[in-house]
Amino acid sequence: MAAVQQTPVQQTPVFEELAVGDVVAEQEFALTRDSLVRYAGASGDFNPIHYRDDVAATVGLPGVLAHGMLTMGFAVQPVVDWAGDPGRVLDYQVRFTRPVVVDPSFGATVTVTAKVGQLDAEARAARIDLTVSFGGATVLGKAQVRVVLG
Amino acid sequence: MPVNPELQGRVFPPAEPYLVGREKVREFARAVFATHPINLDPAAAQAAGYADVVAPPTFAVVVQEHTLAQLLSEPDAGIDFTRVVHGDQRFTSTRPIVAGDLLTATLTVSSVKTLGPHSMVTAETNVTDSAGEHVVTAISTLVVRGEE
């Protein structure tokens, strides 16, 4: 990376231009077993169900699973990129409803769609609702991000 | 053994202060597919008004982990770690975590509920900076599966 790099100009979304139901971001994430090992190291969560097929099978799981917190972690990134600054995210919640099984050869592709769920004109904030799906089913419930648009 | 209902309301002593390193923020950012320059490049972060690289919104989980470890190792808690499933998670921030922050995390058990053979434990980790100002509150609900 060059020592001097021009920071891209971030276009902050304009609150007045948003409407409930607008899709503000959409992205696919291709997870592999490498992604899980990387997240284990970065987060400190070394539960073996996230990297050992034998352990996953022993506890009755359909396979090695992505950490719920990994899914929560990347699912918000399209919103961060759209908002232009991670500091605009003031509140983020999810419910873990279904596991993401990561195949040793093919991995797992998770799709994120971010839609405006509610607008708060007084606070100039938007509630962005995430639909996070894998294999045609949603894996997070009530996934909501509160973003202040300034 | 069911989860001890007397855990409700218990406040744990603050965990060992956590110093947020720049490379740790970068490592975590890469792990959650964060590509924003503010997460990775100190110059970009400074141009946006931050002292150093900014952690992704779920980074507080790293700090929270230390407090949840206190709860799970509490001798009278009755929580069997192999039976714990993460039910839900929430982060409520006053400001993002930035490299260089010295964070203190304090855990409070806000509720213990029983649902058939299962228990639901809601734990709230309050994270403050070296000036004592609130940074983020991380709330986890852990589902402890009982014997079927």
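1. Let's start with Arg33(A) and its link to Val102(A). In this predicted model, a polar atom of the Arg33(A) side chain sits 2.8 Å from the backbone oxygen of Val102(A). Arg33(A) belongs to helix α1 of chain A. Is this arginine buried or exposed? Its relative accessible area is 15%, and the cut-off for buried is under 20%, so Arg33(A) counts as buried.

2. The surroundings of Arg33(A) are worth a look on your screen. Once neighbours within four places in sequence are set aside, Arg33(A) is in contact with Asp53(A), Val64(A), Val102(A), Asp103(A) and Pro104(A). Val102(A), whose backbone oxygen was mentioned above, is thus one of the residues on that list. You may also like to find His50(A): 17 residues along the chain from Arg33(A), it has its C-alpha atom 8.3 Å from that of the arginine.

3. Next, helix α3 of chain A, which spans residues 68-75. How many of its residues are buried? The count is 7 of the 8, so α3(A) is largely enclosed by the rest of the structure. The buried ones are Met69(A), Leu70(A), Thr71(A), Met72(A), Gly73(A), Phe74(A) and Ala75(A).

4. Now to the meeting of the two chains. Chain A brings 36 residues to the contact and chain B brings 34. Between them, about 2,800 Å² is buried, with 59% of this area coming from carbon and sulfur atoms. Which three residues supply the most of the area that chain A buries against chain B? They are Ala42(A), Met69(A) and Pro86(A), which together give 18% of it. Met69(A) has already come up among the buried residues of α3(A).

5. Polar links join the chains as well. There are 9 residue pairs in polar contact between chain A and chain B, counting pairs with both residues at pLDDT 80 or more. The number of salt bridges between the two chains is 2. One to find in the viewer pairs the side chains of Arg95(A) and Asp88(B), with 3.8 Å from N to O.

6. Which elements of chain A make up the side that touches chain B? At least two residues each come from β1 (23-31), α1 (33-43), α3 (68-75), α4 (77-83) and β2 (89-96). The most come from β2(A), which gives 8 residues. Sorted by class, this side of chain A has 18 nonpolar, 12 polar and 6 charged residues.

7. The strand β2(A) also pairs across the interface. It runs antiparallel to β2(B), residues 84-93 of chain B, and 5 bridges join the two. Gln93(A), for example, has Arg90(B) as its bridge partner. Within chain B, Arg90(B) is in turn the bridge partner of Ile139(B) in β5(B). The strands β2(B) and β5(B) are antiparallel and share 9 bridges.

8. Finally, follow β5(B), residues 134-144, a little further. This strand is mostly covered, with 9 of its 11 residues buried. It also pairs with β4(B), residues 118-128, in an antiparallel arrangement with 10 bridges. Here Val127(B) stands opposite Val136(B). The hairpin of β4(B) and β5(B) has 5 residues between the strands, and Gly132(B) in this hairpin takes a positive phi near 85 degrees.

Definitions and conventions
Residues are numbered from 1 along each chain as its sequence is written. Chains are lettered from A and ligands numbered from 1 in the order in which they are written. This is a predicted model: local features need pLDDT of at least 70, side-chain atom pairs count only at pLDDT 80 or more; totals for chains, interfaces and linings use all residues. Side-chain values use heavy atoms; hydrogens and water are left out. Contact means heavy atoms within 4.5 Å. Buried area is the accessible area (1.4 Å probe) that two parts lose on being put together, summed over both. A salt bridge is a side-chain nitrogen of Lys or Arg within 4 Å of a carboxyl oxygen of Asp or Glu. A polar contact is a pair of N or O atoms within 3.5 Å; within protein, one must be able to donate a hydrogen and the other to accept it, and residues adjacent in sequence count only if both atoms are side-chain atoms. Helices (H or I, at least four residues) and strands (E, at least two) are DSSP runs, numbered from the N terminus. Ala, Val, Leu, Ile, Met, Phe, Trp, Tyr, Cys and Pro count as nonpolar, Asp, Glu, Lys and Arg as charged, and the others, Gly among them, as polar. Two strands pair if DSSP finds at least two bridges between them. Buried means under 20% relative accessible area, exposed over 50%, partly exposed in between (1.4 Å probe, protein chains only).
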